[in-house]
Amino acid sequence: MTSYDVTLEWTDGRTRTIDVDESQTVLEAAQRLGVRLPYDCRAGTCITCVGRLLALEDDDESDDGTDRPLDVADAFGYQRPPQALTDDERDDGYVLLCIASPRADCRIEVGPRVRAEVGDSPWA
């Protein structure tokens with residue numbers, strides 16, 4: 001089975017790289033390793049577990065030298081549709097860690113600031 005290195009980065013400077021099996025969610029792997037991440041619904045219907053994709057570790061610039069925008073779909077697959085995120089939020093790199101399984105080594109920003117950037121849950 002394939003696994004990926006997912007580096008969690010908090011705004012206070014802490015980082016932790018966790019090994020996440022492709023069949024696990026980031027939240028499941030973090031809990032297995034004793035890394036505390038916020039969560040609530042575990043179904044992708046709230047935004048408590050939201051993170052923001054910072055980089056794909058194998059990401060290269062495009063051939064013309066310009067930066068390609070990060071695409072969450074390059075880094076994660078979802079177990080079910082992420083109902084709590086808008087299309088714009090997904091395009092901006094936000095990901096729901098409770099239902100997201102990795103497809104590549106990557107870095108994710110986590111913590112309360114990320115949650116505050118997204119705003120309220122659509123179900124609130």
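Leu 56 stands opposite Cys 106 of strand 7, in a model that is predicted rather than experimental. Strands here, like helices, are DSSP runs numbered from the N terminus (at least two residues of E for a strand, at least four of H or I for a helix). The stretch around this pair has strand 3 (residues 50-56) running antiparallel to strand 7 (residues 106-110), with four bridges joining them; two strands pair if DSSP finds at least two bridges between them.

A word on ground rules. Residues are numbered from 1 along each chain as its sequence is written. Local features need pLDDT of at least 70 and side-chain atom pairs count only at pLDDT 80 or more, while totals for chains, interfaces and linings use all residues, and side-chain values use heavy atoms, with hydrogens and water left out. As for pLDDT (the predictor's confidence in each residue, from 0 to 100), the chain averages 89, and 88% of its residues reach 70 or more. The weak patch is residues 61-66, where pLDDT stays under 50 and the model has three contacts beyond four places in sequence; contact means heavy atoms within 4.5 Å.

Zooming out, strands 3 and 7 belong to an open sheet of five strands, in the order 2-1-7-3-5 and with mixed pairing. Strand 2 (15-21) and strand 5 (94-96) sit at the edges with a single partner strand each, so one side of each is left without a neighbour in the sheet. From one strand to the next, the twist averages 40° (axes are lines fitted to C-alpha atoms, for helices over the stretch in contact, and angles run from 0 to 180 degrees between N-to-C directions). In general, strands of a sheet pair through backbone hydrogen bonds, either parallel or antiparallel.

At the other end of that order, strand 1 and strand 2 pair in the antiparallel sense over seven bridges. Val 6 has Ile 18 in strand 2 as its bridge partner. The two strands make a hairpin with four residues between them, and Gly 13 in the turn carries a positive phi of about 100°. Also in this part of the chain, Arg 14 and Asp 12 meet through their side chains in a salt bridge at 3.0 Å, N to O (a side-chain nitrogen of Lys or Arg within 4 Å of a carboxyl oxygen of Asp or Glu). Asp 12 is exposed, at 54% relative accessible area, whereas Arg 14 is partly exposed, at 45%; the scale calls a residue buried under 20%, exposed over 50% and partly exposed in between (1.4 Å probe, protein chains only).

Glu 9, in strand 1 (residues 3-10), is buried at 18% relative accessible area. Its side chain joins that of Arg 107 in a polar contact of 2.6 Å. That term covers a pair of N or O atoms within 3.5 Å; within protein, one must be able to donate a hydrogen and the other to accept it, and residues adjacent in sequence count only if both atoms are side-chain atoms. Not counting residues up to four places away in sequence, Glu 9 also touches others, including Arg 14, Leu 54 and Val 110.

Salt bridges turn up elsewhere too: the whole structure has seven. Glu 117 forms one with Arg 52, the closest N and O atoms being 3.9 Å apart. Since Glu 117 lies in helix 4 (residues 112-118) and Arg 52 in strand 3, the pair ties together parts that are 65 residues apart in sequence. Both partners are partly exposed, Glu 117 at 37% relative accessibility and Arg 52 at 22%. A network of salt bridges links Arg 52, Glu 109, Arg 113 and Glu 117. Another salt bridge joins Arg 90 to Asp 87, with 2.2 Å between the closest N and O atoms; both residues lie in helix 3 (residues 87-91), three residues apart, about one turn of the helix.

Finally, the loop between strand 2 and helix 1 holds Thr 25, which is buried at 1% relative accessible area. Leaving aside neighbours within four places in sequence, Thr 25 contacts Val 20, Gln 79 and Leu 97, among others. Ala 29 follows in helix 1 (residues 26-32) and is buried at 0% relative accessibility. With the same allowance for sequence neighbours, Ala 29 is in contact with Ile 18, Asp 19, Val 20 and Gln 24. The C-alpha atoms of Ala 29 and Cys 98 are separated by 9.9 Å, with their positions 69 residues apart along the chain.
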